[in-house]
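Colleague: Got a minute to go through this model with me? I'd like to hear the reasoning behind the labels.

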Amino acid sequence: MPKQLNVEDVTARECCAPLNGPALGEEEAAELARVFKALSDPVRLRLLNLIAASEGGEACVCDLTGPFELSAPTISHHLKVLRQAGLITGERRGTWVYYRPVTPALTRLSGLFALPVPLSG
């Protein structure tokens, strides 16, 4: 007796769930591309992670140079790129600069690729 295959009808619904939110416009896509370009460097990605994970929500530049085998000017350059991308802010206190993540920017990035929660039913 031949086996019967169960075939799912996918014509009644989309086969892939769309991403949350409206489609990106050209200007917003260009802005986000600049942010992702800033994050495409492993050092900058690690710096952002160190800053975001720091106790008290901020990190002194003096604490950000130790984990890397890079010069202080190179770390400063990477921090400048992250600031220009709108991912961190810096505040000078005496001779040191303290960096904090820009929470709305990180929230925006984290929600960009969030899949919708499937409806039960």
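Modeller: Sure. It's a predicted model, so local features need pLDDT of at least 70 and side-chain atom pairs count only at pLDDT 80 or more, while totals for chains, interfaces and linings use all residues. Residues are numbered from 1 along each chain as its sequence is written, and side-chain values use heavy atoms, with hydrogens and water left out.

Colleague: Which residues of helix α5 are buried?

Modeller: A105, L109 and L112. Buried means under 20% relative accessible area, exposed over 50%, partly exposed in between (1.4 Å probe, protein chains only). Helix α5 covers residues 103-112; helices (H or I, at least four residues) and strands (E, at least two) are DSSP runs, numbered from the N terminus.

Colleague: What makes them lie on the same side of α5?

Modeller: They cover an arc of only 60° around the axis, taken from the directions from the helix axis to the C-beta atoms. The face turned away carries the exposed T103, P104 and S110.

Colleague: Why is R108 with E28 called a salt bridge?

Modeller: The rule asks for a side-chain nitrogen of Lys or Arg within 4 Å of a carboxyl oxygen of Asp or Glu. For R108 and E28, the closest N and O atoms are 3.0 Å apart, so the pair qualifies. R108 sits in α5 and E28 in α1, 80 residues apart.

Colleague: Why is R108 called partly exposed?

Modeller: Its relative accessible area is 32%, which is between the two cut-offs, so R108 is partly exposed.

Colleague: What makes E58 and R100 a salt bridge?

Modeller: Their side chains meet at 3.3 Å, N to O, so the pair is within the limit.
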